[in-house]
Amino acid sequence: MKNSNSQTVELYTNTYNIEKAITNCHKQTGDGLSPEAQDAFMDIMAEVYEIRRTLQTQMSEDNKKRVAELKKQRSR
């Protein structure tokens, strides 16, 4: 069973891969897209960025907790 932090890191990596795929697709079709399609790409990218930002914050909090636990164990 995976712990919460490894699942978060995996999800963060997956969202990076989604962002990369969307960017590559947009580069290939870029100027040929309608304004509506351009807006859809931008909306999707905004959501992916928001997810990654949230996950990054969560990973940081998880890391702080883990460091505190390790310090507590070391001081015993």
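Biologist: Which residue lies over the face of tyrosine 12, and how far is it from the ring centre?
Modeller: That's arginine 52, at 4.7 Å from the ring centre in this predicted model. The cut-off for a charge over a ring is 6 Å, so the distance passes.

Biologist: What makes arginine 52 and glutamate 19 a salt bridge?
Modeller: Their side chains come to 2.4 Å, N to O. A salt bridge needs a nitrogen within 4 Å of a carboxyl oxygen, so this pair qualifies. Side chains of opposite charge can pair when their charged atoms come close.

Biologist: Why is this pair said to tie parts of the chain together?
Modeller: Arginine 52 lies in helix α2 and glutamate 19 in helix α1, residues 4–29, so the bridge links parts that are 33 residues apart in sequence.

Biologist: Are arginine 52 and glutamate 19 buried or exposed?
Modeller: Both are buried. Buried means under 20% relative accessible area, so each of them must fall below that mark. Arginine 52 also has company on α2: the buried residues of that helix include Phe41, Met45, Val48 and Leu55.

Biologist: How many salt bridges does the count come to?
Modeller: Four. Among them is glutamate 50 with arginine 53, where the closest N and O atoms are 2.6 Å apart. With 4 Å as the limit, that pair counts too.

Biologist: Why are glutamate 50 and arginine 53 separated by about one helical turn?
Modeller: Because they sit three residues apart in helix α2.

Biologist: What makes glutamate 50 and arginine 53 partly exposed?
Modeller: Glutamate 50 has a relative accessible area of 36%, and arginine 53 comes to 47%. Partly exposed runs between 20% and 50%, so both values land inside that range.

Biologist: How do you know that lysine 64 and glutamate 61 form a salt bridge?
Modeller: Their closest N and O atoms are 3.6 Å apart, and the limit is 4 Å, so they make the cut. Both lie in helix α2, three residues apart, about one turn of the helix.

Biologist: Why is lysine 64 called exposed, while glutamate 61 is called partly exposed?
Modeller: Lysine 64 has a relative accessible area of 51%, and exposed means over 50%, so the label fits. Glutamate 61 has 38%, which puts it between the two cut-offs.

Biologist: What about arginine 66: why does that one count as partly exposed?
Modeller: Its relative accessibility is 44%, again between 20% and 50%. Arginine 66 lies in helix α2 as well. From glutamine 28 it is 38 residues away in sequence and 43 Å away in space, C-alpha to C-alpha.

Biologist: How do you know that the span of helix α2 agrees with its length?
Modeller: Its 41 residues, 35–75, should span 60 Å at 1.5 Å a residue, and the end C-alpha atoms are 60 Å apart, so the two agree.

Biologist: What does the radius of gyration say when set against a compact globule?
Modeller: A compact globule of 76 residues would have a radius near 11 Å, but this chain has 18 Å. The C-alpha atoms fill a box of roughly 65 × 20 × 15 Å along the principal axes. The chain has two helices and zero strands, and buried residues make up 17% of the 76 residues.

Biologist: Among contacts between residues at least 6 apart in sequence, what share joins residues at least 24 apart?
Modeller: That share is 68%.

Biologist: And how many aromatic pairs does the count come to?
Modeller: Zero. Ring centres would have to lie within 6.5 Å to pair, so no two rings here meet that rule.

Conventions: Residues are numbered from 1 along each chain as its sequence is written. This is a predicted model: local features need pLDDT of at least 70, side-chain atom pairs count only at pLDDT 80 or more; totals for chains, interfaces and linings use all residues. Side-chain values use heavy atoms; hydrogens and water are left out. Helices (H or I, at least four residues) and strands (E, at least two) are DSSP runs, numbered from the N terminus. The expected span of a helix is 1.5 Å times one less than its number of residues. Buried means under 20% relative accessible area, exposed over 50%, partly exposed in between (1.4 Å probe, protein chains only). Rings of Phe, Tyr and Trp (its six-membered ring) pair if their centres lie within 6.5 Å; planes under 30 degrees apart count as stacked, over 60 as edge-to-face and the rest as tilted. A charge sits over a ring if NZ of Lys or CZ of Arg is within 6 Å of the ring centre and within 35 degrees of the ring normal. The radius of gyration is taken over C-alpha atoms; the globule rule is 2.2 Å times the number of residues to the power 0.38. Contact means heavy atoms within 4.5 Å.
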